[in-house]
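Here's a quick tour of one protein model, written with a computational chemist in mind. Have the viewer open and follow along.

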Amino acid sequence: VQLQAFGGGWVQAGDSLRLSCAGSGRTFSNYVMGWFRQAPGKEREFVSAIWRSGRITHYSDSVKGRFTISRANAKNLVYLQMNSLKPEDTAVYYCAARSGAILSTFHDVSDPSYDYWGQGTQVTVSS
């Protein structure tokens, strides 16, 4: 599956952004979808993931309560609504897709062993 993330931009602290990730090529609903981010000089980190059906979601502690992940399988889209943005949210955000046997636990979906990755979209939050 090919993935393309978009919706990033430059905002001020406290603002909101919605990232979108469009998938194409294969049955989108077969994939667990995740969002990861990488800030300059730091390793890529897990942000959020959503199960194939959309019924199970997971978040990192740093974004829990501020970010919401959702998906529209009929449209081959996954979203990341980001509210109350902070300067430390500044990073390149990547969407990723994972197929195969995986448990719907935080441990499994937060592992970066995803099969497909989008190109990333920059989010910059100024103080």
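What follows covers the nonpolar cores, one sheet and one serine.

## The main core

Keep in mind that this is a predicted model. Its largest nonpolar core has 28 residues. If you want the members that touch the most others, pick out Met33, Trp35, Phe67, Val78, Leu80, Met82 and Tyr93. Plenty of strands chip in: strands 1, 3, 4, 5, 7, 8, 9 and 11 each supply at least two residues of this core. Strand 9 (91-98) gives the most, with four residues.

In general, nonpolar side chains in soluble globular proteins tend to be buried together.

## Tyr93 and a second core

Which residues does Tyr93 touch, leaving aside those up to four places away in sequence? The list runs Ala5, Leu19, Trp35, Phe36, Arg37, Val47, Phe67, Leu80, Met82, Gly120, Thr121 and Val123.

There's also a second core, separate from the big one, with nine residues. Phe46, Trp51, Ile102 and Tyr114 are among them.

## A four-stranded sheet

Now for the sheet: four strands line up in the order 1-3-8-7, with antiparallel pairing, and the sheet is open. Strand 1 and strand 7 sit at the edges with a single partner strand each, so one side of each has no neighbour in the sheet. On average, neighbouring strands here are turned by 15 degrees against each other, direction ignored.

Zooming in on the pairings, strand 1 (2-6) and strand 3 (17-24) run antiparallel and share five bridges. Leu3 has Gly23 in strand 3 as its bridge partner. On to strand 8 (77-82), which is joined to strand 3 by six bridges, again in the antiparallel sense. Here Cys21 has Val78 in strand 8 as its bridge partner, and Val78 is also one of the residues that touch the most other members of the largest core.

In a regular strand, side chains alternate between the two faces of the sheet.

## Ser110

Where does Ser110 sit? Look in the loop between helix 1 (106-109) and strand 10 (116-117). Is Ser110 buried or exposed? With a relative accessible area of 17%, Ser110 counts as buried, because the cut-off for buried is under 20%.

As for its surroundings, a polar atom of the Ser110 side chain lies 2.7 Å from the backbone oxygen of Phe106. Not counting residues up to four places away in sequence, Ser110 touches Phe36 and Phe46. Those two names came up earlier: Phe36 is on the Tyr93 contact list, and Phe46 belongs to the second core.

Terms used: Residues are numbered from 1 along each chain as its sequence is written. This is a predicted model: local features need pLDDT of at least 70, side-chain atom pairs count only at pLDDT 80 or more; totals for chains, interfaces and linings use all residues. Side-chain values use heavy atoms; hydrogens and water are left out. A nonpolar core is a set of buried Ala, Val, Leu, Ile, Met, Phe, Trp, Tyr and Cys residues joined through side-chain atoms within 4.5 Å. Buried means under 20% relative accessible area, exposed over 50%, partly exposed in between (1.4 Å probe, protein chains only). Contact means heavy atoms within 4.5 Å. Two strands pair if DSSP finds at least two bridges between them. Axes are lines fitted to C-alpha atoms, for helices over the stretch in contact, and angles run from 0 to 180 degrees between N-to-C directions. A polar contact is a pair of N or O atoms within 3.5 Å; within protein, one must be able to donate a hydrogen and the other to accept it, and residues adjacent in sequence count only if both atoms are side-chain atoms.
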